[in-house]
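Dear colleague,

Please find the structure below, handed over for your work. My notes on it follow directly after.

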Amino acid sequence: MQAIRNFFRAAWSSDQRLDDKTVVITGANTGIGKETAIDLAKRGAKIIMACRDMEKAQEAVKEVIQNSGNENVVCMKLDLADSKSIREFAEAINKDEPKLNILINNAGVMVCPYGKTADGFEMQIGVNHMGHFLLTHLLIDLIKRSAPARIVTVSSMAHAWGSINLEDINSEKSYDKKGAYSQSKLANVLFTRSLAKRLEGTGVTTYSLHPGVVQTDLWRHLSGPQQFVMKMVSPFTKTSVQGAQTTIYCAVEPTLEKESGGYYSDCAPADCSAAGKNDDLAQKLWELSCQMLSVTWE
């Protein structure tokens, strides 16, 4: 019912400005990330596009500047599959940026063949959750100093089919690519929830969201028949512009200023799965993430 209601609801829009604000968006060179960059640049923000492929990123920067009329757009190298790259990126931001008002954890890998990150994490949990967990941890002091500030993490409705395997988070005993994707997206929801608790009273608020089924590069690992099915339903899926709207909503909507830790879809609060509201699981995942990344984050 919610989906049907949202389908007929007027599209969300806001003329909220972001002049003098600084935004970091991971994976901003394609799809939703790029559309988010264009929209927030139009609102006057300084945009830092954090991307793995610098060649593609430089092309995307030109496109964002052209489409937004805002020259204050840069790209920086960030490989979320390598903690060394994450630490170098965060060090540069902490050194050069006086403030960071909005962090958008957007980059992701989806249903890819089994692979490992530089740190030995399964690729999907490693990039989608661990990489963003570490990045947020390393930038949190700057974000707190910039309050009011927001941390937006792109999850997916796929989180509802996921469970967190605390005993084998890296899927070493058995790997199911859809299961590993769903696990990583559930981790995004739980991270957002845990983070909100730890940031109470700081003026920093957190949001996770489902962007809608979006026609983007994330499909590259789907099989031929799966791609065919996606093309069949594509009139009903969203373009990247539409897919980016809930991210933008979570980043700028003034009425969300006092909300934190929640899950959103179609530019509105939405229900996440029961596992996504499990504080005990959220705490265990937090502790495991700290342990695996060798960080202390109370």
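Leucine 209 is buried, with a relative accessibility of 0%. Please bear in mind that this is a predicted model. The residue belongs to strand S6, which covers residues 204-210. Leaving out residues up to four places away in sequence, leucine 209 touches Val152, Thr153, Val154, Ser155, Ser156, Thr246, Thr247, Cys250, Tyr263 and Tyr264. For one of these partners, serine 156, there is also a backbone distance: its C-alpha atom and that of leucine 209 are separated by 6.4 Å, although the two residues are 53 positions apart along the chain.

Threonine 192 is located in helix H6 (residues 177-198). Its relative accessible area is 2%, and because buried means under 20%, threonine 192 counts as buried. A polar atom of the threonine 192 side chain lies 3.0 Å from the backbone oxygen of asparagine 188. Beyond the residues up to four places away in sequence, threonine 192 touches Thr153, Thr206, Tyr207, Ser208, Gly261 and Gly262. Thr153 thus appears among the contacts of threonine 192 and also among those of leucine 209.

I turn next to the aromatic rings. The count of aromatic pairs comes to 10. One of them joins phenylalanine 133 and tryptophan 286: the ring centres are 4.9 Å apart and the planes stand at 70°, and since an angle over 60 degrees is classed as edge-to-face, so is this pair. It links distant parts of the chain, with phenylalanine 133 in helix H5 (residues 123-145) and tryptophan 286 in helix H10 (residues 279-293), 153 residues apart. Phenylalanine 133 is buried at a relative accessible area of 1%, and tryptophan 286 is buried as well, at 3%.

Phenylalanine 133 has a further ring partner in tryptophan 297, with centres 5.2 Å apart and planes at 70°, so this pair is edge-to-face too. Tryptophan 297 lies in the segment after H10 while phenylalanine 133 lies in H5, so the pair ties together parts of the chain 164 residues apart in sequence. Tryptophan 297 is buried, at 12% relative accessibility.

Tryptophan 286 also has a charged neighbour: arginine 198 lies over the face of its ring, at 3.9 Å from the ring centre. Elsewhere among the aromatic residues, ring pairs link Trp12, Tyr207, Tyr249 and Tyr264 into a cluster. Two members of that cluster have been named above: Tyr207 touches threonine 192, and Tyr264 touches leucine 209.

How do the axes of H5 and H10 cross? They come within 11 Å of each other and cross at roughly 80°. Angles of 65 to 115 degrees count as roughly perpendicular, and the two helices are therefore described in that way. On the H5 side, the contact is made by His129, Met130, Phe133 and Leu134. On the H10 side, it is made by Leu285, Trp286, Ser289, Cys290, Met292 and Leu293. Phe133 and Trp286, the edge-to-face pair described earlier, are thus both part of this helix contact.

Finally, a brief note on serine 85, which lies in helix H4 (residues 83-96). Serine 85 is buried, with a relative accessible area of 10%. Apart from neighbours within four places in sequence, serine 85 is in contact with Lys77, Leu78 and Asp79.

With kind regards

Note on methods. Residues numbered from 1 in each chain as written. Heavy atoms only, no water. Phe/Tyr/Trp six-rings, centres within 6.5 Å; stacked < 30°, edge-to-face > 60°. Helix = DSSP H or I, 4+ residues; strand = E, 2+ residues; numbered from the N terminus. Buried < 20%, exposed > 50% of the residue type's maximum accessible area, 1.4 Å probe, protein only. Lys NZ or Arg CZ within 6 Å of the ring centre and 35° of its normal. Polar contact = N/O pair within 3.5 Å; in protein donor to acceptor, adjacent residues only side chain to side chain. Contact = heavy atoms within 4.5 Å. Axes fitted to C-alpha atoms, helices over the stretch in contact; angles between N-to-C directions. Parallel < 35°, antiparallel > 145°, perpendicular 65-115°, else oblique.
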